[in-house]
Amino acid sequence: MLYLYATGTMRSFLSTIFLSLLLPCAVKGQFNILPNPGFEDTASCPTNYGQVTSACKDWRSFTSSSPDYLHSCNSGNLSVPNNYAGQQTALSGNAYCGIMTHYTPVAHYEYITAHIPALQPGGMYQMSLAVSRGSFALATNNIGIFFYDTGMAFHNTTGLLTDTPQIHFYSLGT
């Protein structure tokens, strides 16, 4: 299992991140081991905020926060490319997820997760991630991906998780 870890460390602000593709690949075979990497497979068209778990196949919230699932089948605030956070086309297809990396005055962080097959010790894997800042939001400088074998499948919090991601993207742009 993996979860996407994102926090805003530069200052306290609202930041919405749109994930268009999360793609780990075995380097030799170049096959995708992540289910629904482009968020295209739907259980249903999203009708409200916070519906990653109920509307997007294979993805769910890792905490009690409410990450958003945006898809072109929605004609309102959760549509692609125009939605509550501005305008952003999907990297490919018609869908992406939106998360808040930090919201004040209360500590609110959003995380998404998906199950992947067990990785082989000593194996080589490639991970890529596409992120876009929402048009009406500030950016973050702290995004990571955490892999684990066992552990809690759900954290009952909207606060910052203290796990240290094995893959960490920070200070990679504005």
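**View 1. N36 sits buried, with a relative accessible area of 7%.** This is a predicted model, and the close-up opens on a backbone oddity. N36 is found in the loop between β2 and α1. Its phi is positive, about 50 degrees, even though N36 is not a glycine. As a rule, residues other than glycine mostly have a negative phi. At 7%, N36 falls under the 20% cut-off, so it counts as buried.

**View 2. D58 is another residue with a positive phi that isn't a glycine.** Here the angle is near 75 degrees. Look for D58 in the loop between α1 and β3. How accessible is D58, in relative terms? The value is 45%, so D58 counts as partly exposed. For N36, by contrast, the figure is 7%, and that residue is buried.

**View 3. V80 and P81 are joined by a cis peptide bond.** Omega comes out at about 15 degrees. P81 belongs to the loop between β4 and β5. For context, most peptide bonds are trans.

**View 4. C45 and C73 make a disulfide.** Searching the whole structure turns up one such bond. The S to S distance is 2.2 Å, and the torsion about the S-S bond is about 110 degrees, so this disulfide is right-handed. The link ties together distant parts of the chain, 28 residues apart: C45 comes from the loop between β2 (16-26) and α1 (52-55), while C73 comes from the loop between β4 (68-71) and β5 (82-83). Buried or partly exposed: which is C45? C45 is partly exposed, with a relative accessible area of 29%. C73 also counts as partly exposed, at 41% relative accessibility.

**View 5. C56 is a cysteine that takes part in no disulfide.** The nearest cysteine sulfur to that of C56 belongs to C97, 4.9 Å away. C56 is buried, at a relative accessible area of 2%. C97 is in no disulfide either, and the nearest cysteine sulfur to its own is that of C56, at 4.9 Å. The cut-off for a disulfide is 2.5 Å between sulfurs, so the 4.9 Å gap leaves C56 and C97 unbonded. C97 counts as buried, with 0% relative accessibility.

**View 6. Strand β7 (residues 95-100) is mostly covered.** How many of its six residues are buried? Six of the six are. Both faces are covered: A95, C97 and I99 line up on one side, with Y96, G98 and M100 on the other, and all are buried. β7 runs antiparallel to β4, and four bridges join the two strands. To get your bearings, find L70: its bridge partner in β7 is Y96.

**View 7. Strand β10 (residues 142-147) is largely enclosed by the rest of the structure.** Six of its six residues are buried, which is why the strand reads as enclosed. Neither face is left uncovered: N142, G144 and F146 are buried on one side, and I143, I145 and F147 are buried on the other. Which strand pairs with β10 over four bridges? The partner is β11 (residues 167-170), and the pairing is antiparallel. Zoom in on G144 and you'll find its bridge partner in β11, H168.

**View 8. S61 is in strand β3 (residues 60-61).** With a relative accessible area of 9%, S61 is buried. The S61 side chain reaches the backbone oxygen of T63, at 2.7 Å. Setting aside neighbours within four places in sequence, S61 is in contact with V52, T53, P67, Y111, T113 and F154.

**View 9. Residues 5-27 are where pLDDT stays under 50.** The model still has 131 contacts beyond four places in sequence for this stretch. A word of caution: where pLDDT is low, the predicted coordinates should not be read in detail. Which elements of the chain have the lowest and the highest mean pLDDT? β2 has the lowest, at 38, and α1 has the highest, at 95. Over the chain, pLDDT averages 77, and 77% of the residues score at least 70.

Methods. Residues are numbered from 1 along each chain as its sequence is written. This is a predicted model: local features need pLDDT of at least 70, side-chain atom pairs count only at pLDDT 80 or more; totals for chains, interfaces and linings use all residues. Side-chain values use heavy atoms; hydrogens and water are left out. Buried means under 20% relative accessible area, exposed over 50%, partly exposed in between (1.4 Å probe, protein chains only). Two strands pair if DSSP finds at least two bridges between them. pLDDT is the predictor's confidence in each residue, from 0 to 100. Contact means heavy atoms within 4.5 Å. A polar contact is a pair of N or O atoms within 3.5 Å; within protein, one must be able to donate a hydrogen and the other to accept it, and residues adjacent in sequence count only if both atoms are side-chain atoms.
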